[in-house]
Amino acid sequence: MWVILIGAVLVIGGFLYLFRQALSRRLSEPHQLVQGSQTLEPQHQGLRFLGLSKNWPGLVIIALGTLLLAFGGYL
């Protein structure tokens with residue numbers, strides 16, 4: 001029973017780690033678009049903050065938790 005609970009905590013902790021990484025980016029300042037309107041969208045954000053190089057610890061924690069949840073009943 002404890003193994004399954006630890007697995008659930010690891011999965012939730014891994015997701016919280018990933019959320020923290022995505023949300024901890026600095027806030028953008030208002031800037032002008034080419035059309036003349038203001039926006040808060042980052043100018044050149046891209047999807048680099050979602051890459052494996054920054055998020056691998058959270059993915060490993062989720063994978064360990066998933067393995068404990070899947071096979072914890074057999075231990």
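Is Gln21 buried, partly exposed or exposed, and what is its relative accessible area? Gln21 is partly exposed, because its relative accessible area of 21% is not under the 20% that defines a buried residue. The model in which this value was computed is a predicted one, and its chain holds two helices and two strands, which follow one another from the N terminus in the order α-β-β-α. The points below take up the confidence of the model, its overall make-up, and then the two helices residue by residue.

**Confidence**

- The mean pLDDT of the chain is 81, and 67% of the residues reach a score of at least 70.
- Confidence is highest in helix H1, at a mean of 92, whereas strand E1, residues 31-32, has the lowest value in the chain, at a mean of 60.

**Overall make-up**

- The chain has 75 residues, of which 16% count as buried.
- Its accessible surface amounts to about 6300 Å², and carbon and sulfur atoms account for 70% of that area.
- When contacts between residues at least 6 apart in sequence are considered, 65% of them join residues that are at least 24 apart.

**Helix H2 and its cover**

- Helix H2 spans residues 52-71 and carries a kink of about 30°, which is centred on Gly58.
- The buried residues of this helix are Asn55, Gly58, Ile62 and Gly65, so that Gly58 appears both as the centre of the kink and among the buried positions, each of which has under 20% relative accessible area.
- In an α-helix there are 3.6 residues a turn, so residues three or four places apart point the same way.
- Helix H1, residues 2-23, is included in what covers the buried residues of H2.

**Residues of H1 that meet H2**

- Val11, a residue of helix H1, is buried, because its relative accessible area of 15% falls under the 20% cut-off.
- Beyond its sequence neighbours up to four places away, Val11 touches Ile62, Gly65, Thr66 and Leu69, and two of these partners, Ile62 and Gly65, are also listed among the buried residues of H2.
- The C-alpha atoms of Val11 and Leu67 are 9.8 Å apart in space, although the two residues are separated by 56 places in sequence.
- Tyr17, likewise found in helix H1, is partly exposed, with a relative accessible area of 22%.
- Leaving aside residues up to four places away in sequence, the contacts of Tyr17 are with Lys54, Pro57 and Gly58, and the last of these is the residue on which the kink in H2 is centred.
- Between the C-alpha atoms of Tyr17 and Ile61, which lie 44 residues apart along the chain, the separation is 9.0 Å.
- Gln21 also belongs to helix H1, and, with residues up to four places away not counted, it touches Lys54 and Asn55.
- From C-alpha to C-alpha, Gln21 and Asn55 are 7.4 Å apart in space while being 34 residues apart in sequence, and Asn55 is one of the buried residues of H2.
- Lys54 is thus touched by Tyr17 and by Gln21.

**Residues of H2 with part of their area accessible**

- Leu69, which is found in helix H2, counts as partly exposed, because its relative accessibility of 38% lies between the limits of 20% and 50%.
- Apart from residues up to four places away in sequence, Leu69 touches Ile4, Gly7, Ala8 and Val11.
- The C-alpha atoms of Leu69 and Leu5 are separated by 7.9 Å, with their positions 64 residues apart along the chain.
- Val60 lies in helix H2 as well, and it is partly exposed, with a relative accessible area of 41%.
- Together with Trp56, Leu64, Leu67, Phe71 and Tyr74, Val60 makes a nonpolar surface patch of about 720 Å²; Val60 can take part because its 41% is over the 30% that is required of patch residues.

Technical notes:
Residues are numbered from 1 along each chain as its sequence is written. This is a predicted model: local features need pLDDT of at least 70, side-chain atom pairs count only at pLDDT 80 or more; totals for chains, interfaces and linings use all residues. Side-chain values use heavy atoms; hydrogens and water are left out. Patches are made of residues with over 30% relative accessible area and no salt bridge: like charges are joined within 9 Å, nonpolar side chains (Val, Leu, Ile, Met, Phe, Trp, Tyr) within 5 Å. Accessible areas come from the Shrake-Rupley method with a 1.4 Å probe; for residues, only the protein chains shown count as cover. A salt bridge is a side-chain nitrogen of Lys or Arg within 4 Å of a carboxyl oxygen of Asp or Glu. Helices (H or I, at least four residues) and strands (E, at least two) are DSSP runs, numbered from the N terminus. Buried means under 20% relative accessible area, exposed over 50%, partly exposed in between (1.4 Å probe, protein chains only). The bend at a residue is the angle between axes fitted to the seven residues ending there and the seven starting there. Contact means heavy atoms within 4.5 Å. pLDDT is the predictor's confidence in each residue, from 0 to 100.
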